[in-house]
Amino acid sequence: MKNFLEVFLGILTAMGGDVEVGELTFALNAGSKFEYALLPVVLLGTLGIVVYGEMAGRVAAVAQQPVFGLMRERNGLAVGLLTLICALLVNVMTCSAEIGAVAVVLELAAGWHYRLCILAALAFLLVASWVLPFEGIERTFGLMGLLMTVFLVSAIAMQPDWGEVAAGFLPHAPPVRSSSDYVLFAYYAVALLSAIMLPYEVYFYSSGGIEDGWKPSDIKVNRFVSITGFTLGSLLCVSFILIGAQMLRPLQLDVQLPGTAVLAPAQEFGRWGVVFALTGMFFTFCGAAIETAFSGAYALAQFYGWPWGKFRAPRKAARFTIGWIVLFVLAALIMLSGVDPIQVVEYSIVFSVVILPLTYLPTLVVARDRIYMKQHVNGPLANALGVFYLVLITLAALSAIPLLVLTHGGKG
Amino acid sequence: MRDAAEVRTLLWQAVVILLALVLLAAWAIHASRRPLRSDDVRLSAADLASFAAEGEVIGRQLARHRLPRMYVEEEIQFLADEVVSVRASLWQRKTPVALAAAVARVQEGAARTGAELHALSTLHGDGEAARGTAERLHAIADELHVLERVLSR
């Protein structure tokens with residue numbers, strides 16, 4: 001009974017903690033611009049994050065090695081340090097965008113001045129990260145993030161043509177006005193794939209597995225939670241695309257502000273829809289900010305071999321603790337300078353996919369290594385999927401920046 | 001020897017990263033100073049059309065009392081700030097003669113959008129007035145979409 005509850009809570013936590021502001025805006029715009037044509041990318045990305053997350057979790061449980069520990073060992077110092085610097089930059093960018101989005105939500109709800117909201121968000125994140133144990137952080141923000149299901153219910157309440165939605169999952173040509181829109185479609189495909197397969201989620205998941213004391217006996221739980229949790233989390237992504245297609249596309253409305261998303265629950269459920277949406281967005285963006293800050297601190301500590309983890313007292317993992325505090329403060333300072341959080345998250349999502357192969361490859365190599373993994377090594381299916389996704393994310397990584405430039409930052 | 005080689009590699013990496021950052025900064029400065037192109041005006045029209053469309057949605061939902069007051073005021077302020085930002089991006093750069101008429105139409109659309117958004121933020125429970133403002137924002141969005149399509153040819 002206790003195990004069942006643990007697994008159930010783990011799934012709900014993964015579902016509620018799966019969304020961040022980049023996935024929200026990209027998925028809404030994907031539906032607005034291309035109707036259901038990008039639903040196959042959601043399927044592809046979901047399977048990809050399940051494959052990557054399951055491998056990273058299995059490696060953490062068996063080899064007791066998190067992603068960045070492997071990465072330095074396998075890639076060497078030069079490539080490893082370059083990957084670390086790029087990953088930290090991307091983490092800071094993503095964290096700052098999430099803090100900016102939290103501040104926007106606070107301003108929409110309370111009417112405070114934007115910069116005051118940034119400081120309030122920073123204070124809340126620092127206190128929550130200090131006071132709560134690791135499991136408490138996961139549960140609080142993951143479970144409260146489930147309020148985001150108001151978007152799923154809103155999408156269903158809009159009564160889309162379910163036949164068209166089902167057909168949308170089959171790859172098909174997007175509805176475009178000109179040939180240049182195909183380039184924009186390719187950009188959105190790469191960006192959506194990146195938003196679903198954000199690497200910080202896997203750094204956090206695998207380090208969290210070690211924080212939770214996973215052993216080889218937890219492999220089945222890891223497999224079940226990663227498959228179910230990430231898949232259910234992608235339901236929200238699908239609902240954003242449906243909302244974009246149903247509500248925003250007829251008006252040719254592009255989402256450029258986090259608050260625009262709230263109009264869908266408001267349309268279906270009035271003020272209570274707004275309350276649920278803003279509360280869900282607050283907790284889910286806070287959760288994403290914490291995951292990115294901790295992922296950065298994990299990466300730094302694991303790369304240099306410093307003691308790390310919330311399971312250690314702050315004094316015993318001092319550099320790790322200072323790491324996530326500095327990341328939060330840096331991220332908040334970036335937002336205080338006045339940059340647009342949506343623009344920052346756009347760049348962070350593009351650069352995330354550029355560095356994704358550098359951390360994915362060591363994980364795949366170790367997951368296939370019988371010396372490390374013993375009887376828990378990749379089977380034929382895991383190997384085939386692992387190699388398929390390595391090729392796919394490498395192609396996405398190579399095309400991301402050219403597509404960003406060609407599409408004027410995704411505007412067309 | 002190995003340490004020296006590693007240090008050299010790291011130094012070269014630092015040089016490459018610094019060079020990339022300098023080039024990026026130079027490109028950003030150049031991009032902000034070059035004259036307006038057709039794409040810039042088209043994208044501005046598209047952005048403004050989108051802000052007007054969101055204002056229309058807010059107006060319609062306000063008419064049905066589906067939005068809290070605080071959300072309406074703050075979201076409209078965000079939209080108004082974005083409209084100002086688009087106008088400023090057009091003012092700050094040199095306009096070629098061939099684009100002058102298009103830029104003037106976009107600026108006019110921006111001014112009308114800003115005015116209607118301001119009107120929306122001052123309505124207090126007046127459903128009929130909110131519906132009227134929503135209709136006008138719908139018309140502005142339509143005009144800007146037409147301009148965007150003309151500029152994309």
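## A two-chain helical model: interface and ion pairs

Glu135(A) and Arg139(A) sit about one helical turn from each other, because they are 4 residues apart in helix H6 (residues 134-144) of chain A. Helices here are DSSP runs of H or I with at least four residues, and strands are runs of E with at least two, numbered from the N terminus. Before going further, a word on conventions. This is a predicted model, in which local features need pLDDT of at least 70 and side-chain atom pairs count only at pLDDT 80 or more, while totals for chains, interfaces and linings use all residues. Residues are numbered from 1 along each chain as its sequence is written, chains are lettered from A and ligands numbered from 1 in the order in which they are written, and side-chain values use heavy atoms, with hydrogens and water left out.

### Confidence

The model scores ipTM 0.89 and pTM 0.92. For chain B, the average pLDDT (the predictor's confidence in each residue, from 0 to 100) is 88, and 99% of the residues score at least 70. Where pLDDT is low, the predicted coordinates should not be read in detail.

### Where the chains meet

How many residues of each chain take part in the contact between chain B and chain A? On the chain B side there are 32, and they are in contact with 34 residues of chain A, contact being heavy atoms within 4.5 Å. Three residues of chain B, namely Arg66(B), Tyr71(B) and Phe78(B), supply 19% of the area that chain B buries against chain A, more than any other three residues. The size of an interface is often given as the accessible area lost when the parts come together. Between chain B and chain A, the buried area is about 3,000 Å², with carbon and sulfur atoms giving 59% of it. Buried area is the accessible area (1.4 Å probe) that two parts lose on being put together, summed over both.

Turning to polar features, 17 residue pairs are in polar contact across the interface, both residues at pLDDT 80 or more. A polar contact is a pair of N or O atoms within 3.5 Å; within protein, one must be able to donate a hydrogen and the other to accept it, and residues adjacent in sequence count only if both atoms are side-chain atoms. In chain B, helices H1 (2-33), H2 (38-63), H3 (69-91) and H5 (127-151) each supply at least two residues of the side that touches chain A. H2(B) provides the largest share of that side, 12 residues. By class, the chain B side has 13 nonpolar, 6 polar and 13 charged residues; Ala, Val, Leu, Ile, Met, Phe, Trp, Tyr, Cys and Pro count as nonpolar, Asp, Glu, Lys and Arg as charged, and the others, Gly among them, as polar.

### Salt bridges

Side chains of opposite charge can pair when their charged atoms come close. A salt bridge here is a side-chain nitrogen of Lys or Arg within 4 Å of a carboxyl oxygen of Asp or Glu. Over all chains the count comes to 16, and between chain B and chain A it is 2. The table lists some of the pairs.

| Salt bridge | Closest N to O distance |
|---|---|
| Lys411(A) with Asp47(B) | 3.0 Å |
| Glu135(A) with Arg139(A) | 3.9 Å |
| Glu56(B) with Arg60(B) | 3.0 Å |
| Glu73(B) with Arg69(B) | 3.4 Å |

Which parts of these pairs are buried, and which partly exposed? Buried means under 20% relative accessible area, exposed over 50%, and partly exposed in between (1.4 Å probe, protein chains only). In the H6(A) pair, Glu135(A) is partly exposed at 37%, whereas Arg139(A) is buried at 17%. Glu56(B) and Arg60(B) lie 4 residues apart in helix H2 of chain B, about one turn; Glu56(B) is buried at 4%, and Arg60(B) is partly exposed at 30%. Glu73(B) and Arg69(B), in helix H3 of chain B, also have a spacing of 4 residues, about one turn. Glu73(B) is partly exposed at 34%, and Arg69(B) is partly exposed at 25%. In chain A, Glu54(A), Arg58(A) and Arg223(A) are linked in a network of salt bridges.

### Loop residues to look at

Val255(A) is in the loop between helix H11 (219-248) and helix H12 (263-304) of chain A. Val255(A) counts as buried because its relative accessibility is 3%. Leaving aside residues up to four places away in sequence, Val255(A) touches Thr25(A), Leu28(A), Asn29(A), Leu248(A) and Thr260(A). Val255(A) and Ser32(A) are 223 residues apart in sequence, with their C-alpha atoms 8.7 Å apart.

For backbone geometry, try Glu35(A), a residue other than glycine with a positive phi, near 55°. Glu35(A) lies in the loop between helix H2 (21-34) and helix H3 (39-62) of chain A and is partly exposed at 29%. In chain B, His65(B) has a positive phi near 55°. His65(B) is in the loop between H2 and H3 of chain B, partly exposed at 46%.
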